[in-house]
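This note is meant for a colleague who has not yet examined the structure. The points below may be read beside the sequence and the model.

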Amino acid sequence: MSDTLLQHIDRLKTQRPVAKPALEAYRELAILMEEADSRIGPVDIDARHNAIKSEEGFPLFSRDDLPLDFSSASRMLTQFLKHFASVERDDQEGMKKALAAVTSDPEWGGNLFEAILKQDEAAQEQMARSVGLDSGTLRFLSEVALKPALQSLRSAVSDSIPREGWDAGYCPLCGSQPDMAFFTKTGERYLHCGLCGEEWRFTRIKCPFCNSEDQESLGYFEAQEEEGFRVYFCRSCSRYIKTVDKRVFEEVAPLELESLATLHLDVLAHEQGFK
Ligand SMILES: [Zn+2]
Ligand SMILES: [Zn+2]
């Protein structure tokens, strides 16, 4: 599984040299995840509560009440910080301070994960500042550190995810917004959850963020000479979503990797005023 992930990373590195630094950092994290102690505590879910929720058309959980094993995620984050504190980089001092914080204060990791899940940017900023790290870097490492716990939750509740008839612009498992979309070989559009990785089918011509179906305000652009990738945007809410067309490629990597490998498209979208 992880070997395949590393193969995808290596293939993307040669295909998209511009994304090489981001992919190389992710490769280091992927290797650490493979080596780490991946014992994750049992998932504690209240089935009855969830059954009621899904009947009402809510996602199975919200970001605030995900039953995740923060202690396993903290151990993962500690491994990441240990690694980056030991290699020469501009923010090596910040990595050392964050490592000291997560190992000396048993609540530090949990507080950070909570701030991320609640999307409390002020709290994230404050914690990053307290150790002298860039807030985006700390969030990225924390989100990757949460992945094994999220994967374990996803497989534990897979049968209860309200996939049938789900046509919302947010994830049926955790309620997060999508970070990417893709077209299947048969041309259906799916959205990919930016947090837990769940994928769900969504109407083709509709904005996932504001539900606008107004063809005048929906559109897309492509980067030059890059068939298969499009940025779909919505002028009603100024949001955009990167989209990979699986009909064009023989092989598509997991979308969290495709997302990292297409950061230049985010730059183009931001330049055009989309967020
Ligand atoms: Zn999700
Ligand atoms: Zn919109």
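**Notes on the sheet and its surroundings**

1. Strand β4 pairs with strand β5 (residues 229–234) in the antiparallel sense, over four bridges. Two strands are said to pair if DSSP finds at least two bridges between them. Helices (H or I, at least four residues) and strands (E, at least two) are DSSP runs, numbered from the N terminus. Within this pair, tyrosine 220 has tyrosine 232 of β5 as its bridge partner.

2. On the basis of the model: it is a predicted one, in which local features need pLDDT of at least 70 and side-chain atom pairs count only at pLDDT 80 or more, while totals for chains, interfaces and linings use all residues. Residues are numbered from 1 along each chain as its sequence is written, chains are lettered from A and ligands numbered from 1 in the order in which they are written, and side-chain values use heavy atoms, with hydrogens and water left out.

3. How are the six strands ordered in the open sheet? The order is β3-β2-β1-β6-β5-β4, and the pairing is mixed. The edges are held by β3 (199–201) and β4 (218–221); each has a single partner strand, so one side of each is left without a neighbour in the sheet. On average, neighbouring strands of this sheet are turned by 30 degrees against each other, direction ignored. Axes here are lines fitted to C-alpha atoms, for helices over the stretch in contact, and angles run from 0 to 180 degrees between N-to-C directions.

4. Strand β1 (residues 178–183) is joined to β2 by five bridges, and the two run antiparallel. Opposite alanine 181 stands leucine 191 of β2, and opposite methionine 180 stands histidine 192 of β2. The two strands form a hairpin with five residues between them, and glycine 187 in the turn has a positive phi of about 85 degrees. With β6, strand β1 pairs in the parallel sense over four bridges; there, the bridge partner of phenylalanine 183 is aspartate 245 in β6.

5. Between β2 and β3 there are three bridges, and these strands run antiparallel. Leucine 191 stands opposite tryptophan 200 in β3. A hairpin is formed here too, with five residues between β2 and β3, and glycine 197 in its turn has a positive phi of about 85 degrees.

6. Are β1 and β2 largely enclosed or open, and why? Buried means under 20% relative accessible area, exposed over 50%, and partly exposed in between (1.4 Å probe, protein chains only). Five of the six residues of β1 are buried, so β1 is largely enclosed by the rest of the structure. Four of the five residues of β2 (residues 189–193) are buried, so that strand is likewise largely enclosed.

7. Helix α10 (residues 263–271) lies across β4, β5 and β6 (240–245), and runs at about 140 degrees to β6.

8. The second largest pocket has a volume of about 240 Å³. Its lining has 18 residues, of which Arg204, Ile205, Leu218, Gly219 and Tyr232 lie nearest the centre. The elements that give two or more residues to this lining are β4, β5 and β6. By class, the lining has 12 nonpolar, two polar and four charged residues. A pocket is an open set of points on a 1 Å grid over the protein atoms alone, where a 1.4 Å probe fits, with protein on both sides within 12 Å along at least five of seven lines; lining residues have an atom within 4 Å of a point.

9. Most residues other than glycine have a negative phi. Glutamine 119 is not a glycine, yet has a positive phi of about 55 degrees. Glutamine 119 is found in the loop between α6 (108–117) and α7 (121–131) and is exposed, with a relative accessible area of 53%. Serine 238, also not a glycine, has a positive phi of about 65 degrees. Serine 238 lies in the loop between β5 and β6 and is partly exposed, at a relative accessible area of 25%.

10. Leucine 112 belongs to helix α6 and is buried, with a relative accessible area of 1%. Leaving aside neighbours within four places in sequence, leucine 112 is in contact (heavy atoms within 4.5 Å) with Leu77, Met127, Leu138 and Ser142. Leucine 112 and alanine 128 are 16 residues apart in sequence, and their C-alpha atoms are 9.2 Å apart in space.

Key
Points joined across faces, edges and corners; volume = space filled by probe spheres on them. Nonpolar A, V, L, I, M, F, W, Y, C, P; charged D, E, K, R; others polar.
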